[in-house]
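Thanks, everyone. Please pull up the sequence and the model, and I'll walk through a few side chains.

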Amino acid sequence: MSDIPDRRFIHDLKNNESLLEIIGEETKNWVQGNDEEKLYEELNIDYTSMFILNTQPVESFVLDAKNETLVGLQNPVMAFYFTHGFEVNMDQTQIMAPDHLSIEFAFMQTLVYRNETAPQLEFLDQHIFPWVVPYMMGMKNMADTPFYRDLCDFIVEFLSADYEYLSAGGANG
C-alpha cells in the first residue's frame, strides 16, 4: 500500500503460486490468466484510484477525517513507536505520514522479530484494528481488480487471526 506496483513486483507475483494461493483463488486465476503488461496497467490504475485519488491508508486521515498529518510526538502512533524503540526516519521514505498503513505494518513486523507480543496486541488494539478493518472493507468495495479485493479480505482475516492469537497468549500462552 506504500507504492504503485512495479514491473518487478508483478513479475514476482505472477511467478509465486504459493503467494497467489494465499491471497485468493480469484487473484490466482486472474494473475495467471493475464500477461504482465495487462496486470501492470490494471493494478496501477486500481492502486491510484484506491490509495491516492480517493483516500490514503493513513490512520489519522481515516479516524478524524481532517486530512492532517500530525508530526513528531503529537502523533499518537509516533509516540507509541518512540516508547517501543522504533525509529521512523521520514526522510528515508516518500511516505509523509508516520501512521501510514505500510509503516504501521513495518512496526508490527519489527515487534514480531523482537518477539514482543504485549506491544503487538496493544498496537493492534489501539491503532490498527480501529481503522484498518473498516478501511479494508470499504476499499474492497472500491477495488476493480481481484488482487486488491482479495488483498483487502486477506488483511482483515490475517489481522483478526493475529489479534485472536495474541489475545489468547500468543507465543507465551
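Lysine 28 is buried, at 12% relative accessibility. Keep in mind that this is a predicted model. What does the side chain of lysine 28 meet in a salt bridge? One answer is the side chain of glutamate 17, at 3.3 Å from N to O. That pair links distant parts of the chain. Glutamate 17 sits in helix H2, residues 17-23. Lysine 28 sits in helix H3, residues 25-32. The two are 11 residues apart.

Now glutamate 21. This residue also forms a salt bridge with lysine 28, and here the closest N and O atoms are 3.1 Å apart. Put these together, and Glu17, Glu21 and Lys28 are linked in a network of salt bridges.

How accessible are the two acids? Glutamate 17 has a relative accessible area of 42%, so it counts as partly exposed. Glutamate 21 is partly exposed too, with 46%. Lysine 28 counts as buried because its 12% falls under the 20% cut-off.

As background, side chains of opposite charge can pair when their charged atoms come close.

How many salt bridges are there in total? The count comes to 8. Let me show you another one of them. Arginine 114 and glutamate 116 meet through their side chains, at 3.8 Å from N to O. Are these residues buried or partly exposed? Arginine 114 is partly exposed, at 34%. Glutamate 116 is partly exposed as well, at 25% relative accessibility.

Next, histidine 127. Where is it? Look in helix H8, residues 117-142. Histidine 127 is buried, with a relative accessibility of 6%. Its side chain makes a polar contact with the side chain of glutamate 59, at 3.0 Å. What else does histidine 127 touch, leaving aside neighbours within four places in sequence? Besides Glu59, the contacts are Pro76, Val77, Phe80, Glu104 and Glu122.

Last stop, the surface. Ile4, Ile52 and Leu53 form a nonpolar patch there. Together they have about 280 Å² of accessible area. Isoleucine 4 is in the segment before helix H1, which spans 7-14. Its relative accessible area is 33%, so isoleucine 4 counts as partly exposed.

To recap: lysine 28 is buried and belongs to a salt-bridge network with Glu17 and Glu21. Histidine 127 is buried, and its side chain has a polar contact with that of glutamate 59. Ile4, Ile52 and Leu53 make up a nonpolar surface patch. That's it from me.

Conventions:
Residues are numbered from 1 along each chain as its sequence is written. This is a predicted model: local features need pLDDT of at least 70, side-chain atom pairs count only at pLDDT 80 or more; totals for chains, interfaces and linings use all residues. Side-chain values use heavy atoms; hydrogens and water are left out. A salt bridge is a side-chain nitrogen of Lys or Arg within 4 Å of a carboxyl oxygen of Asp or Glu. Helices (H or I, at least four residues) and strands (E, at least two) are DSSP runs, numbered from the N terminus. Buried means under 20% relative accessible area, exposed over 50%, partly exposed in between (1.4 Å probe, protein chains only). Patches are made of residues with over 30% relative accessible area and no salt bridge: like charges are joined within 9 Å, nonpolar side chains (Val, Leu, Ile, Met, Phe, Trp, Tyr) within 5 Å. Accessible areas come from the Shrake-Rupley method with a 1.4 Å probe; for residues, only the protein chains shown count as cover. A polar contact is a pair of N or O atoms within 3.5 Å; within protein, one must be able to donate a hydrogen and the other to accept it, and residues adjacent in sequence count only if both atoms are side-chain atoms. Contact means heavy atoms within 4.5 Å.
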